[in-house]
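Please work through the following exercises on the structure shown below, taking each solution one step at a time.

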Amino acid sequence: MPMHFIFSDEAVLLFDFWRVHSPTGMALSVLVVLLLAVLYEGIKVGKAKLLHKTLESLPATNSQQFILGPDQDSTGSRSTSDNRTRLRWFLCYFGQSLVHVIQVVIGYFVMLAVMSYNTWIFLGVVLGSAVGYYLAYPLLNMT
Amino acid sequence: MNHMGMNHMEMHHHMGMNHTDDNITMPPHHHPTTSASHSHGGGDSMMMMPMTFYFDFKNVNLLFSGLVINTPGEMAGAFVAVFLLAMFYEGLKIAREGLLRKSQVSIRYNSMPVPGPNGTILMETHKTVGQQMLSFPHLLQTVLHIIQVVISYFLMLIFMTYNGYLCIAVAAGAGTGYFLFSWKKAVVVDITEHCH
């Protein structure tokens, strides 16, 4: 286990079966890691966009209420529609949580890949992060 | 301890004892001539550090030297503890966001009465920033930030053990915490967030 950055064609990344021995394998691994980093940035933006979209699709009063917190309006005058929006929000947040788990796992995977101290992998992660940020963040303002 | 560490993981059984002794006595550095399996046995201490994911509950070191998991029961306890820690981390992140928004709202209210006259707006905002620096919410945020940094590093180090159970605990705890605490969350993308 190296403790400093090295240029090498050999590495073991994350899993026991992901062993790299050749330049082509290393190029492929760098590509995979790059895509992971792009995906990570994309998920971050996608999560926010998903929440924003569901907020917009709901009626204005309800979305306002849910932004400020459900305890702001506890009159319960429209119980059926309230129940429906609540169910929708439950599903929405369940999906959001799953996306969050994926984001956490990919984030740690990328960190562990960098921890192999392989310079090619590291450059792949940095480039992927840059490309992901460059592509994904303009999408955030587009509605 | 190293010997036990070598025995308990099947993926290292092909390595001989001579190899292991080499790794104990010599400082860890890279040998280009040896195969990739050599890089498994490195490490600068008595502890053996795996470099790929595995599922096992024997001789797993958890952050501190006293915390060594050897039985399924201990692994279950560690799983629950890590799960709760990851949940707490998500809750802390969202609570800090809420606190920040609350203090920002109070700043806005402070500067609300001012815009009537022409020149006094700038002075008033400077004043509120100065108050903000030494205010209780900011100090609280700082303390919570310290706790958040420590916990996030702990979670990172736990994931770095490559133990499958503990990694699942971290991920599941993060998901559950996000699910439970994000009901009041507004649309905010944390740009500075990186690996957790």
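The exercises below concern a predicted model, and they go from the make-up of one chain to cores and aromatic rings.

**Exercise 1.** Describe the elements of chain B and state what share of its residues counts as buried.

Solution. Begin with the count, which gives six helices and two strands in chain B. Next, place these in order from the N terminus, where the elements run α-α-β-β-α-α-α-α. Then turn to burial: of the 196 residues of chain B, 40% count as buried, while the accessible surface of the chain comes to about 11,200 Å², with 70% of it belonging to carbon and sulfur atoms. Finally, consider the contacts in chain B with a separation of 6 or more, of which 66% are accounted for by residues 24 or more positions apart.

**Exercise 2.** Identify the largest nonpolar core and the elements that give two or more residues to it.

Solution. The largest nonpolar core has 47 residues, and those with the most contacts inside it are Tyr108(A), Leu112(A), Phe53(B), Phe159(B) and Leu166(B). Chain A gives two or more residues from each of helix H1 (23-57), helix H3 (79-114) and helix H4 (119-141), and chain B does so from strand S1 (60-62), helix H3 (72-111), helix H5 (136-159) and helix H6 (164-181). Among these elements, H3(A) gives the most, with eight residues. A second, separate core has five residues, including Leu55(A), Trp89(A), Tyr93(A) and Phe179(B).

**Exercise 3.** Find the residues in contact with Leu166(B), leaving aside its neighbours within four places in sequence.

Solution. With those neighbours set aside, Leu166(B) is in contact with Val60(B), Leu62(B), Met75(B), Ala78(B), Phe79(B), Val82(B), Ile158(B) and Thr161(B).

**Exercise 4.** Classify the aromatic pair of Phe53(B) and Phe159(B), and determine what the pair ties together.

Solution. A pair of aromatic rings is described by the distance of the centres and the angle of the planes. For Phe53(B) and Phe159(B), the centre-to-centre distance is 6.2 Å and the planes stand at 90 degrees, which makes the pair edge-to-face. Phe53(B) lies in the loop between helix H2 (17-25) and S1 of chain B, whereas Phe159(B) lies in helix H5 of chain B, so the pair ties together parts that are 106 residues apart in sequence. As for burial, Phe53(B) counts as buried because its relative accessibility is 15%, under the 20% cut-off, and Phe159(B) counts as buried at 2%. In the wider setting, the structure holds 15 aromatic pairs over all chains, and ring pairs link Phe15(A), Phe17(A), Tyr108(A), Phe109(A), Phe53(B), Phe159(B) and Tyr162(B) into a cluster.

How values were computed: Residues are numbered from 1 along each chain as its sequence is written. Chains are lettered from A and ligands numbered from 1 in the order in which they are written. This is a predicted model: local features need pLDDT of at least 70, side-chain atom pairs count only at pLDDT 80 or more; totals for chains, interfaces and linings use all residues. Side-chain values use heavy atoms; hydrogens and water are left out. A nonpolar core is a set of buried Ala, Val, Leu, Ile, Met, Phe, Trp, Tyr and Cys residues joined through side-chain atoms within 4.5 Å. Buried means under 20% relative accessible area, exposed over 50%, partly exposed in between (1.4 Å probe, protein chains only). Helices (H or I, at least four residues) and strands (E, at least two) are DSSP runs, numbered from the N terminus. Contact means heavy atoms within 4.5 Å. Accessible areas come from the Shrake-Rupley method with a 1.4 Å probe; for residues, only the protein chains shown count as cover. Rings of Phe, Tyr and Trp (its six-membered ring) pair if their centres lie within 6.5 Å; planes under 30 degrees apart count as stacked, over 60 as edge-to-face and the rest as tilted.
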